[in-house]
Amino acid sequence: MRTIWLIILAILSFATPVGLIIPAILITICVVPFSIIFSIVFTIAAFFLGLLLMGVILIGAGGYIIFTSFWAGVLVLGIGFTALGLFLLLLPIFHWLTVNGIHLVSQLFQKLYNFLNEKNHFGKRV
């Protein structure tokens with residue numbers, strides 16, 4: 001019995017490090033998924049913006065280059081129109097993913113709210 005008390009007292013004597021580790025773990029659990037989702041969304045948005053800007057800039061540059069070197073201008077114009085066409089082809093897919101992603105997140109939060117609302121808090125029905 002004395003050994004058990006010594007173990008409990010040893011654990012309680014480490015209250016400060018344990019008190020710092022638990023919030024650090026909780027913050028990590030909350031921040032890491034948010035960071036991953038934010039980086040994915042930012043990457044997709046940057047890809048679409050880059051594709052649009054690349055298409056517009058290359059079309060403008062191709063229009064300028066075509067008067068100095070015809071085939072180089074046609075090549076740059078073709079790449080610009082290809083980038084712009086790819087942007088326009090992927091735009092509905094991006095819209096569909098965005099709408100369904102928002103719908104999925106809202107359903108998740110509704111289920112979480114219903115789950116937390118049904119729980120007993122300290123023995124009392126809320």
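Ile21 counts as partly exposed, because its relative accessibility is 47%, which falls between the 20% limit for buried and the 50% limit for exposed. This residue sits in helix H2, and it belongs to a nonpolar surface patch together with Ile22, Ile25, Leu26 and Ile29. Keep in mind that this is a predicted model. Here's the rest of the picture, sorted by topic.

**Overall fold**
- The chain has three helices and zero strands, so reading along the sequence just gives α-α-α.
- Out of 126 residues, 8% count as buried.
- Helix H2 covers 15–65, and helix H3 covers 70–118.

**Nonpolar surface patch**
- Five residues make up the patch: Ile21, Ile22, Ile25, Leu26 and Ile29.
- Taken together, they offer about 480 Å² of accessible area.
- Ile21, the H2 residue from the opening, clears the bar for patch membership because its 47% is over the 30% relative accessible area that patches call for.

**Largest pocket**
- If you're hunting for a cavity-like feature to look at, the largest pocket comes in at about 570 Å³.
- Its lining counts 14 residues, and the ones closest to the centre are Ile37, Val41, Gly101, Ile102 and Val105.
- Both H2 and H3 contribute, with at least two lining residues each.
- H3 has the largest share, at eight residues.
- What's the chemical make-up of the lining of the largest pocket, split into nonpolar, polar and charged? The split is eleven nonpolar, three polar and no charged residues.

**Pairs far apart in sequence**
- Ile44 is found in helix H2, and its C-alpha is separated by 8.7 Å from that of Phe94, 50 residues away along the chain.
- Is Ile44 buried or partly exposed? Ile44 is partly exposed, because its relative accessible area is 36% and buried would need a value under 20%.
- Over in helix H3 you'll find Gly78, whose C-alpha is 8.2 Å from that of Gly62, with the two residues 16 apart in sequence.
- Gly78 is also partly exposed, since its relative accessible area comes to 30%.

Terms used. Residues are numbered from 1 along each chain as its sequence is written. This is a predicted model: local features need pLDDT of at least 70, side-chain atom pairs count only at pLDDT 80 or more; totals for chains, interfaces and linings use all residues. Side-chain values use heavy atoms; hydrogens and water are left out. On a 1 Å grid over the protein atoms alone, a cavity is a set of points where a 1.4 Å probe fits but cannot get out, and a pocket is an open set with protein on both sides within 12 Å along at least five of seven lines; lining residues have an atom within 4 Å of a point. Grid points are joined across faces, edges and corners, and a volume is the space filled by probe spheres set on the points. Helices (H or I, at least four residues) and strands (E, at least two) are DSSP runs, numbered from the N terminus. Ala, Val, Leu, Ile, Met, Phe, Trp, Tyr, Cys and Pro count as nonpolar, Asp, Glu, Lys and Arg as charged, and the others, Gly among them, as polar. Patches are made of residues with over 30% relative accessible area and no salt bridge: like charges are joined within 9 Å, nonpolar side chains (Val, Leu, Ile, Met, Phe, Trp, Tyr) within 5 Å. Accessible areas come from the Shrake-Rupley method with a 1.4 Å probe; for residues, only the protein chains shown count as cover. A salt bridge is a side-chain nitrogen of Lys or Arg within 4 Å of a carboxyl oxygen of Asp or Glu. Buried means under 20% relative accessible area, exposed over 50%, partly exposed in between (1.4 Å probe, protein chains only).
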